[in-house]
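Reader: I'd like to learn how to read burial and contacts in a model like this one. Could we go through it together?

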Amino acid sequence: MSDLGNATIHDISVTLGTESIDYPGDTAYSRNLIMNSGDSFCNLSRLEMSCHSGTHLDVPFHFYADGKTLDDFQVTDFIKRVHVIEIMDPDRITASEVDWSLISPGEGVLFKTRNSREGLVKSGKFVSDFVYLSPDAAKKVNECKASLVGIDYISIEQFGVEHFHSHLEVLGQDVIVLEAVNLEGISEGTYTLMCLPLKLSSADASPVRAILIED
Ligand SMILES: [Zn+2]
């Protein structure tokens, strides 16, 4: 937490390399010094990672061959008013637990679950029984015309399912999916979210630095 003028700013990003989780089968994150100041004139690192490493966002091209890629969005699409809603269900985010009337068209919603409360999102280790976004809740995200949905784990989807219904549902309506935000210590309420991706050409996703600014 820090202050900028009157605003309180929360960094809700996980640290790549110490806190971030490698999704099974995806490229693991690594950063290696290929030059170091001990025997060269500078330190210089090489990154190897997925576009889905650490705190990141997904765009429709992730699941739709003709879907919007990262550069089909404006930078202002990644700065918006969001509602942080706490979920007590230990297994999944269901439509019935959420007061969807809080969300106005164009706003975003971030779900805080036991993934944050128990530190799973910043543990560095993958667990398969994380709290996920159920397909019925994904439908509600679309019905209230939210423009972004976020969760405090590396995927919104239940692990091990054959069909990625929740991703397909929201990405099919051009909703941005923000994954692996750490909402530990964040109270329910409304904030301004900034989650700026790298300016990658034609990409399906990008790591972001995500912050919440209190009103
Ligand atoms: Zn992703």
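Reader: Which residues are buried in helix H2 (residues 135–143)?

Author: A residue counts as buried if 20 or more other C-beta atoms lie within 10 Å of its own, as exposed if 12 or fewer do, and as partly exposed in between, with C-beta atoms placed from the backbone. In H2, the buried residues are Pro135, Ala137, Ala138, Lys140 and Val141. Helices (H or I, at least four residues) and strands (E, at least two) are DSSP runs, numbered from the N terminus. Please keep in mind that this is a predicted model: local features need pLDDT of at least 70, side-chain atom pairs count only at pLDDT 80 or more, and totals for chains, interfaces and linings use all residues. Residues are numbered from 1 along each chain as its sequence is written.

Reader: What covers the buried residues of H2?

Author: Contact is the idea to use here: two residues are in contact if their C-beta atoms, placed from the backbone, lie within 7 Å. The cover of H2 includes strands S7 (92–93), S8 (108–112), S9 and S10 (148–151), along with helix H3 (165–171). Just after H2, Lys145 has a positive phi of about 60 degrees.

Reader: Which residues touch the most other members of the largest nonpolar core?

Author: A nonpolar core is a set of buried Ala, Val, Leu, Ile, Met, Phe, Trp, Tyr and Cys residues joined through C-beta atoms within 7 Å. The largest one here has 51 residues, and Val109, Val149, Val175 and Val177 touch the most other members. Strand S13 (residues 205–214) gives the most to this core, with four residues. Beyond four places in sequence, Val177 has contacts that include Leu57, Val149, Ile156 and Leu171.

Reader: Now the loop between H1 and S9: is Ser128 buried or exposed?

Author: Ser128 is exposed, because it has 8 other C-beta atoms within 10 Å. Leaving out neighbours up to four places away in sequence, Ser128 is in contact with Phe159 and Gly160. Lys122 lies in the loop between helix H1 (114–117) and strand S9 (132–133). Lys122 counts as buried because it has 20 C-beta neighbours inside 10 Å. Not counting residues within four places in sequence, Lys122 touches Val14, Glu19 and Asn182.

Reader: How many residues of strand S4 (residues 44–48) are buried?

Author: Zero of its five residues are buried, so S4 is hardly covered. Two strands pair if DSSP finds at least two bridges between them. Strand S3 (residues 30–35) and S4 pair in the antiparallel sense over five bridges, and Ser45 in S4 is the bridge partner of Leu33.
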